[in-house]
Amino acid sequence: MAKYILKRLLVSLLTLWIMFTLTFFLMHLTPGSPFLGDKKLTPEILANLEAKYGLDKPILVQYEKYAKNVLTGDFGESITLAGQDVKDIIVRKFPYSLKLGLFSSAIAILVGTVLGTISALKKNTGTDRAIMLIVTIGIAVPSFVVATVSMVVFGVKFHLFPTVSHLDTLSSYILPGFALSFFPLSFITRLMRSSMLDVINQDYIRTARAKGLSDRMVIFKHGLRNGILPVVTYAGPMVAGVLTGSFVIESIFSIPGLGSSFVTSITAKDYPTVMGVTIFFGAVLIFMNFLVDIIYRFVDPRINITK
Amino acid sequence: MKRILALILTLAAIITVFAGCGSAANTGGKAISATIASEPKTLDPSLNNAVDGGNYILCAFEGLTTIGKDGTIVAGAAEKWETSTDGLVWTFHIRKDAKWSDGKDVTANDFIYSWKRTVNKDTAADYAYYVYFIKNGEKINAGEADMDTLGVKALDDKTLEVTLENACPFFTEIVAFPALVPQREDIVANNASKWALDPATYVGNGPYKLTSWEHDSKITFEKSDTYWGKDSIVAPKIEWYLMNDQNAILSAFKNGQVAYAKNIPTDELAAEKDAGNLKILPLLGTYYIDLVNSKAPFDNPKVRKAFSLAIDRNYLVEKVKKGGETPASAFVPYGIADVKQEPDFRTTSGEFISTKPEDYEKNVAEAKKLLAEAGYPGGKGLPKITFGLNSGSGHEPVAEALQQMWKENLGVEVEILAQEWNVFQQSRKDGVYNINRNGWLGDYMDPSTFMDMFTTGNGQNNAKYSNKQYDEKISAARKETDTAKRIQLFHDAEKILMEDAPIAPLYFYTEPVVISKDLQGIVNTKLGFVLFNWASFK
């Protein structure tokens with residue numbers, strides 16, 4: 001097990017480094033500069049700015065310098081938010097995305113698994129059809145529509161929940177949380193349903209029933225444990241995606257999270273922020289995948305990773 | 001029990017009395033809450049490059065001159081000043097009672113430090129060009145001259161002598177700008193990158209002091225008790241909410257969280273107008289298109305003029321933009337003083353392209369004639385014309401309307417090509433398209449901020465326009481000290497520009513804002529700043 005974890009850790013670091021390098025060079029290859037606005041600067045002022053941020057140096061020199069800084073944990077200062085360290089920006093904004101992300105992931109996984117199981121067990125009944133109808137909507141309708149419609153209906157029309165959310169009260173989680181979790185919830189429901197249907201027809205379930213085990217026992221002990229595997233696979237990247245914040249949802253509800261700064265930093269060509277946030281998001285994603293592999297070890301009796 | 005009750009009542013009475021005193025000390029004013037932008041880039045006067053940042057800086061700092069209650073430039077940290085007869089040397093006398101928020105005296109050296117820092121090439125300030133007005137400013141910024149050669153001198157603690165590069169009759173406008181406020185060397189030099197982030201070190205000399213900056217949420221200023229003019233300041237506290245989403249901003253205004261809001265969704269303007277909350281502020285800016293002069297067919301002035309005349313500017317403003325914009329009859333917008341303040345520069349020179357609705361037919365007829373004269377009757381024989389713009393910022397509807405007008409009036413097909421902002425800027429600079437969408441916001445209240453950009457080879461001259469006569473007028477204006485002659489040079493230059501039509505001005509920018517009906521005493525400036533210093537609720 002320890003050997004396996006160590007191996008995975010090394011692979012993760014290598015992945016992170018490749019991602020870092022690719023992002024760095026792609027970012028510098030795309031046209032534009034952080035200093036171009038509608039107001040064009042005189043060549044002298046532009047040259048001064050490039051010198052200040054070291055952008056006048058050859059790209060390989062910049063790469064080396066930046067890589068060294070990152071190794072010491074220094075992500076540099078943002079260009080568009082003068083004087084603010086990228087690390088501070090991440091530390092300040094990520095908690096918002098994290099809180100909302102955890103809330104949404106929990107809802108998606110819990111509700112999705114339960115609905116999927118119910119749907120599978122009550123296959124082709126009215127309940128199954130109703131659930132399938134809702135989750136089909138959840139998969140088809142984009143999150144910004146869900147967000148806007150729920151905001152208009154529950155926020156503006158009925159004043160049930162705040163429309164501007166700083167995630168300080170439970171009610172401020174409801175609308176953005178719903179908008180963010182509706183798609184993964186629907187997806188998990190469908191995954192869970194088909195996987196459970198598959199499992200129910202397996203020989204070992206039949207064996208379990210033949211042994212005279214109760215329905216509940218069969219479902220919880222044998223059915224769920226096998227049926228949930230595809231959900232675990234999906235949940236890793238899903239949780240990483242939801243945790244790192246959604247630009248759309250954060251913009252609509254004015255949540256000062258990290259997702260929106262990621263997108264705005266790219267359009268503003270704020271190189272240090274783009275790099276810092278990319279490395280951070282990449283690390284979260286890789287970690288979640290790593291976590292999924294470990295969880296697999298415990299959930300799936302067929303996997304034996306000591307080999 | 002009775003005793004406890006009596007005690008409580010007494011305490012309550014005392015608290016009420018104190019609370020009463022508190023509000024009395026604030027001269028009855030209430031805190032003003034507003035939103036004009038999201039998180040600013042910086043509050044550092046040297047590094048700021050935006051209107052919102054400048055607006056916050058003007059709360060905490062004051063230049064030698066400042067913006068007065070009526071929106072004009074008045075004496076600020078300097079109570080008076082003299083100018084030499086050639087207009088090159090300005091002597092400013094700083095007020096005896098001009099103080100920093102920590103109680104120290106504002107001195108001439110505070111201004112010198114600040115300006116030197118802004119023009120220092122290592123600071124890399126976007127707004128360094130505001131110091132270019134001062135002798136050797138541009139050379140120092142380019143690293144060609146020594147910092148000590150900057151034309152500033154402290155005659156004593158309270159007297160500042162400034163030598164300019166060229167005579168600048170509007171220099172009082174320049175020193176009111178947020179980029180030229182004083183700074184404290186003892187504070188800034190200590191921590192140049194972080195001092196402006198922390199209220200404790202953000203020491204200013206303005207009417208307000210920064211009390212908190214909650215990133216992405218709110219910036220709060222409270223009235224400074226060391227400001228020399230504190231007795232005239234009405235609003236005790238200003239809260240600037242930092243908001244991004246237009247719909248969220250409107251909701252915040254509707255539910256009373258903010259009493260003043262900028263960036264309202266265009267679709268909602270009509271409803272807010274009916275509700276009586278909308279105010280359309282004129283802004284010193286022009287939206288225009290480049291007709292790239294360096295290649296066919298726009299190397300021919302007749303074709304350029306034909307394209308410009310065939311545009312129905314009233315339709316653009318009323319049916320497409322709907323933000324209360326003014327159709328542009330020339331390049332320099334309204335609001336800039338002529339020889340006298342009124343009538344202004346634009347009104348004095350009149351319309352170069354008639355924007356009267358009844359003249360539109362005539363314009364189109366003229367356009368058709370010009371195009372035929374240029375050898376393209378009915379648009380026949382024209383090469384493919386491309387129109388470049390940046391996508392997703394509301395420019396497409398304008399371009400599509402123009403495309404339709406050119407097709408109907410001139411029989412010309414124009415292809416619209418939208419690019420991502422960064423890519424488009426490069427394309428525009430390289431002259432990839434025949435037509436570029438463009439726009440310009442003035443930096444100061446003088447025609448030069450608009451006219452300078454069309455000199456040959458200027459970095460802003462995306463139309464690739466070059467006319468020797470025009471260049472001569474502009475460089476003559478730069479040296480002219482007589483106001484009347486100088487303004488006349490700009491009038492002549494604009495006439496040449498409109499005759500040659502390297503660009504087609506479309507409309508003058510405006511800024512729709514919503515203001516609570518109870519809020520009074522707001523000052524809006526043409527450069528886009530809003531001051532609540534004298535604002536109160538009815």
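The crossing of helices α4(A) and α13(A) is right-handed, and it makes a convenient place to enter this predicted model. The contact draws on A:V86, A:K87, A:I89 and A:I90 from α4(A), and these meet A:P272, A:T273, A:G276, A:V277 and A:F280 from α13(A). Sorted by class, six of the contact residues are nonpolar, two are polar and one is charged.

The geometry of the pair can be described as well. Helix α4 of chain A covers residues 86–121 and helix α13 of chain A covers residues 271–299; their axes come within 9 Å and cross at roughly 50°. Because of this angle, α4(A) counts as oblique to α13(A).

These two helices belong to a chain with 13 helices and zero strands, so that reading along the sequence of chain A gives one α after another. The C-alpha atoms of chain A fill a box of roughly 85 × 60 × 30 Å along the principal axes. Of its 307 residues, 39% count as buried. Among contacts in chain A between residues at least 6 apart in sequence, 73% link residues at least 24 apart.

Chain A also touches chain B, in a contact that takes 30 residues from chain A and 34 residues from chain B. On the chain A side, α2 (43–52) and α11 (247–252) each supply at least two residues. The most comes from α2(A), which gives seven residues to this side. By class, the side of chain A that touches chain B holds twelve nonpolar, eleven polar and seven charged residues.

How values were computed: Residues are numbered from 1 along each chain as its sequence is written. Chains are lettered from A and ligands numbered from 1 in the order in which they are written. This is a predicted model: local features need pLDDT of at least 70, side-chain atom pairs count only at pLDDT 80 or more; totals for chains, interfaces and linings use all residues. Axes are lines fitted to C-alpha atoms, for helices over the stretch in contact, and angles run from 0 to 180 degrees between N-to-C directions. Helices (H or I, at least four residues) and strands (E, at least two) are DSSP runs, numbered from the N terminus. Angles under 35 degrees count as roughly parallel, over 145 as roughly antiparallel, 65 to 115 as roughly perpendicular and the rest as oblique. A crossing is left-handed if the near helix is turned anticlockwise from the far one by less than a right angle, and right-handed if clockwise. Two residues are in contact if their C-beta atoms, placed from the backbone, lie within 7 Å. Ala, Val, Leu, Ile, Met, Phe, Trp, Tyr, Cys and Pro count as nonpolar, Asp, Glu, Lys and Arg as charged, and the others, Gly among them, as polar. A residue is buried if 20 or more other C-beta atoms lie within 10 Å of its own, exposed if 12 or fewer, and partly exposed in between; C-beta atoms are placed from the backbone.
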